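These are my notes from going through one structure, entry by entry. I wrote down what I looked up and what I found.

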Amino acid sequence: MQCRPACGACCIAPSIRRPYHGMPDGKAAGEACVHLDDTMRCLLYGDPRRPACCSSFNADTAFCGSDREQALLILGELEVVTRHEALAGEP
């Protein structure tokens, strides 16, 4: 699947807990990355400063659904589930 134009859900829904270029405190879930432009495209695409989690993400209907709203919902739900699992595993 190709990224759909004007989506940006993967740059909004998930959190990024590690600092990266332009976001020294990382990014909270639901917060737009500062590198997401007005057309919902990543300004760091192909840049080595782009976080590894972003570079490794591949658009897929399992994550992106059939439209932007579904993508935000699916990725938001995955954020909650994975965060809960991470907290459950902490000592």
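Entry 1, the pocket. I began with the lining of the largest pocket and asked which helices supply at least two residues each. They are α1, α2 (61-64) and α3 (68-88). I then looked up where the largest share comes from, and α3 supplies it, with four residues. The model is predicted, and I read every value below as computed from it. For the volume of the largest pocket I noted about 980 Å³. The lining has 40 residues, and those closest to the pocket centre are C10, R50, C53, C54 and F57. I used some of these names as starting points for the next entries.

Entry 2, R50. I placed R50 in the segment before α1, the helix that covers 52-55. Which side chain of opposite charge is nearest to R50? I found D47, 8.9 Å away. R50 is buried and has no salt bridge. A salt bridge needs the nitrogen and oxygen atoms within 4 Å, and therefore I did not count R50 with D47, given the 8.9 Å. I also listed what R50 touches beyond four places in sequence: C42, L44, Y45 and S55.

Entry 3, Y45. Since Y45 was in the contact list of R50, I looked it up next. Y45 lies in the segment before α1. Is Y45 buried or exposed? I noted exposed, because its relative accessible area is 65% and the cut-off for that word is over 50%. I also checked Y45 against A59: they are 14 residues apart along the chain, and their C-alpha atoms are separated by 14 Å.

Entry 4, salt bridges. How many salt bridges does the structure hold? I counted two. One of them joins E79 and R17, with the closest N and O atoms 3.4 Å apart. This pair links distant parts of the chain, E79 being in helix α3 and R17 in the segment before α1, 62 residues apart. E79 counts as buried, because its relative accessible area is 12%, and the limit is under 20%.

The side chains of R49 and D47 form a salt bridge too, at 2.7 Å from N to O. I looked up how accessible the two partners are. R49 is partly exposed at 43% relative accessibility, whereas D47 is buried at 19%. So D47, which I had met as the nearest side chain of opposite charge to R50, has its salt bridge with R49.

Entry 5, aromatic rings. I went back to F57, listed among the residues closest to the pocket centre, and looked for ring pairs. The count comes to one aromatic pair. F57 and F63 form it, with 6.0 Å from centre to centre and 55° between the planes. Why is the pair called tilted? The angle of 55° is neither under 30 degrees, which would be stacked, nor over 60, which would be edge-to-face, so the pair falls in the remaining class. Both rings belong to partly exposed residues: F57 has a relative accessible area of 27%, and F63 has 34%.

Entry 6, C53 and L72. C53, also listed by the pocket centre, lies in helix α1 and is partly exposed at 43% relative accessibility. I compared its place with that of A32: the two are 21 residues apart in sequence and 15 Å apart in space, C-alpha to C-alpha.

L72 lies in helix α3 and is partly exposed, at 27%. What does L72 touch, leaving out residues up to four places away in sequence? I found A9, I12 and A13. L72 and C10 are 62 residues apart along the chain, and their C-alpha atoms are separated by 7.6 Å.

Entry 7, backbone angles. I looked for positive phi values in residues other than glycine. A6 has one, near 60°, and M40 has one of about 65°. A6 has its place in the segment before α1, and M40 is found in that segment as well. For accessibility I noted 47% for A6 and 28% for M40. A6 is partly exposed, and so is M40.

Methods. Residues are numbered from 1 along each chain as its sequence is written. This is a predicted model: local features need pLDDT of at least 70, side-chain atom pairs count only at pLDDT 80 or more; totals for chains, interfaces and linings use all residues. Side-chain values use heavy atoms; hydrogens and water are left out. Rings of Phe, Tyr and Trp (its six-membered ring) pair if their centres lie within 6.5 Å; planes under 30 degrees apart count as stacked, over 60 as edge-to-face and the rest as tilted. Buried means under 20% relative accessible area, exposed over 50%, partly exposed in between (1.4 Å probe, protein chains only). Lys and Arg count as positive and Asp and Glu as negative; His and the chain ends are not counted. Contact means heavy atoms within 4.5 Å. On a 1 Å grid over the protein atoms alone, a cavity is a set of points where a 1.4 Å probe fits but cannot get out, and a pocket is an open set with protein on both sides within 12 Å along at least five of seven lines; lining residues have an atom within 4 Å of a point. Grid points are joined across faces, edges and corners, and a volume is the space filled by probe spheres set on the points.
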